[in-house]
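This briefing introduces a protein model to a reader who is new to structural description. Please keep the sequence and the structure in view while reading the points below.

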Amino acid sequence: MIHEICLLQISKYRFLTFIYTRIIIRFFKRRIEIASYVESNLGRDERIVYKAQVSWLSQFWYYIWGILLIAFFIGIIFFIIAVLNVMTTELALTNKKVIAKFGFIRRSTIELNLDKVESISVEQGFIGRMFNF
């Protein structure tokens, strides 16, 4: 009897955690979709061909420094920086141009028309090569 009550409480806790998680994900997903820089700056007859995002592994050194300095509460700042870098970067390829948006408060954007692109440079570090990001 006591075992069944404990199982019911655990399953109730899991259910509530699942519901709260779903609500938070839907809220932030809607907020991100509404606030999308790329979608709000599409030109006439322009459509998104491909959207990309920054890999969480690209923030590897922020995680390392965050773990090393968590005892001094400075590590939390490194974790916040890593999350903001990933969440506030938008990359998109449309049928007419390449768009990149970086930043949260201070925004930096790059928009290149496809007919003006002459060369592309890719820089990939050792860890990026190992984990293919």
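In this predicted model, strand β3 (residues 97-102) is joined to β4 by six bridges, and the two strands run antiparallel. Across this pairing, alanine 100 stands opposite isoleucine 110 in β4.

**The sheet**

- Strands β3 and β4 belong to an open sheet of four strands, arranged in the order β1-β2-β3-β4.
- The pairing within this sheet is antiparallel.
- Strands β1 and β4 (108-113) form the edges, and each of them pairs on one side only.
- Neighbouring strands of the sheet are turned against each other by 10 degrees on average, with direction ignored.

**Helix α4**

- Helix α4 has 13 residues, and the distance from its first C-alpha to its last is 19 Å.
- This reach is close to the 18 Å expected at 1.5 Å a residue.
- Which residues of α4 are buried? They are Gly75, Ala82 and Val86.
- These buried residues cover an arc of only 30 degrees around the axis, and they therefore lie on the same side of α4.
- An α-helix has 3.6 residues a turn, so residues three or four places apart point the same way.
- The buried residues of α4 pack against α3.

**Aromatic pairs**

- The structure holds three aromatic pairs.
- One of them is formed by tyrosine 62 and phenylalanine 78; their rings lie 6.3 Å apart, centre to centre, with 40 degrees between the planes.
- This pair counts as tilted because its angle of 40 degrees falls neither under 30 degrees, the range for stacked rings, nor over 60, the range for edge-to-face rings.
- The pair links distant parts of the chain, since tyrosine 62 is in helix α3 (residues 60-68) and phenylalanine 78 is in helix α4 (residues 75-87), 16 residues apart.
- Is tyrosine 62 buried, exposed or partly exposed? Tyrosine 62 has a relative accessible area of 31%, and it is partly exposed because this value lies between the limits of 20% and 50%.

**Aspartate 45**

- Where is aspartate 45 found? Aspartate 45 is in the loop between α2 (37-40) and β1 (48-52).
- Aspartate 45 has a positive phi of about 60 degrees, although this residue is not a glycine.
- With a relative accessible area of 63%, aspartate 45 is exposed, because the value is over 50%.

Technical notes: Residues numbered from 1 in each chain as written. Predicted model: local features only at pLDDT ≥ 70, side-chain atom pairs only at ≥ 80, totals over all residues. Heavy atoms only, no water. Phe/Tyr/Trp six-rings, centres within 6.5 Å; stacked < 30°, edge-to-face > 60°. Buried < 20%, exposed > 50% of the residue type's maximum accessible area, 1.4 Å probe, protein only. Pairing = 2+ DSSP bridges. Axes fitted to C-alpha atoms, helices over the stretch in contact; angles between N-to-C directions. Expected span 1.5 Å × (residues − 1). Arc of directions from axis to C-beta. Contact = heavy atoms within 4.5 Å.
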